[in-house]
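Reader: I should like a close look at a single part of this model, namely its open parallel sheet and the helices that lie across it. Please describe how the strands are ordered and paired, and how the helices are placed.

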Amino acid sequence: MASIPRHLTGDKAATNEFIDKFDPAFPECDGKTHSLKGVLWSGDHVFDGVPETIKLLRSRGKRTVFVTNNSTKSRADYVKKLHGAGIPCDVDDIFGSAYSSAVYIARILKLPRGKNKVFVIGEAGIEQELASEGVPYIGGTDPNLRRDITPADFQGIADGSLMDPEVGAVLCGLDFHINYLKLAHGLHYLRRGAIFLATNIDSTLPMHHNIFLGAGSVMIPVANASGQKPLELGKPSQAMMDAIEGRFQLDRSKTCMVGDRLNTDIKFGVDGMLGGTLHVETGVDKREDWQKEDAIAVPLYYVDKLSDLYDAA
């Protein structure tokens, strides 16, 4: 039976014990908007005390790495957003699913020469991170693919004349310009032996008091048509944890995952056998969610809001 999560809010002794126990911390930083709040901010509004909390953790020798499943933004994009939120950082402090995918492809998967290109279904964030790791790619934001499919496209995809023979993987993320032409290319690269990868399989994207299609929903047509399930490279996939561990040489027993979602953030830390998981109540899931008998994951600690660490330290 899982232990009862320890409530740190207002408990000075427990909070300081918690901070001293861990070295790196992984705050989840996916941007939820308005009522669908996250850990650091809600839309463009930074929660009170968050910059001070991050500063406190760093002053006590803790490395903070911001982990996100959002594949539409690159690490450089997040650096700008965090600086704007009053949280100084650099690209080495960010680990997104787009970067995780690039690291996995370049350093772990290592596609063979002659089949080392990636066909991207996604936005510029993926392209920027693949480029940062020296991974060649096609597709993505290519304007030639942002149009209706034609009879000539059907013929060229079917006979292979429009297919790049050097593509060895199909990487699917959130794509705001998804269409039949891109999906058809993705399917037929898989039929020609390409490896199927997904930046993450989040089914929804919280926006403006509601939800919209996420990366996991975008890739469903290709998965359904091909009969293949992609290798997931974002939270809670342990492929992402392996990539993080390789990048930062972390000690899992001294690492804590901080997040608001049980099925991604907390499960990511639990499955990765990290030393700690901290659930923050300002986001999607609440304590009643992990109190259920069939809860997908249960944290070791929880706070009402992230700045409670600062207030009680």
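Author: The account below begins with the model itself, proceeds through the sheet and ends with the helices.

This is a predicted model, in which local features need pLDDT of at least 70, side-chain atom pairs count only at pLDDT 80 or more, and totals for chains, interfaces and linings use all residues. Residues are numbered from 1 along each chain as its sequence is written, and side-chain values use heavy atoms, with hydrogens and water left out. The protein has an average pLDDT (the predictor's confidence in each residue, from 0 to 100) of 88, and 91% of the residues score at least 70. Over residues 31-37, however, the pLDDT is below 50, although this stretch has 34 contacts (heavy atoms within 4.5 Å) beyond near neighbours in sequence.

The sheet is open and consists of five strands in the order β8-β7-β9-β10-β13, with parallel pairing. Strands (E, at least two residues) and helices (H or I, at least four) are DSSP runs, numbered from the N terminus, and two strands pair if DSSP finds at least two bridges between them. At the edges stand β8 (137-139) and β13 (231-232), each of which pairs on one side only.

Strand β9 (residues 167-172) is largely enclosed by the rest of the structure, because six of its six residues are buried, that is, under 20% relative accessible area with a 1.4 Å probe and protein chains only. Five bridges link β9 in the parallel sense to β7 (residues 117-121), and Phe119 has Val170 in β9 as its bridge partner. Towards β10 (residues 195-198), β9 forms four bridges, again parallel; here Cys172 stands opposite Ala198. Ala198 also has a bridge partner in β13, namely Glu232, and β10 and β13 pair in the parallel sense over two bridges.

Helix α7 (residues 180-191) lies across β7, β8, β9 and β10 and runs at about 145° to β7. Angles run from 0 to 180 degrees between N-to-C directions, and axes are lines fitted to C-alpha atoms, for helices over the stretch in contact. Helix α4 lies across β7, β9, β10 and β13, at about 145° to β10.

Helix α4 (residues 97-109) also packs against helix α5 (residues 124-132), at an angle of about 35° and with the axes 8 Å apart. In this contact, Ala98, Tyr99, Ala102 and Ile105 of α4 meet Gly125, Ile126, Glu129, Leu130 and Ser132 of α5.

Conventions: Buried means under 20% relative accessible area, exposed over 50%, partly exposed in between (1.4 Å probe, protein chains only).
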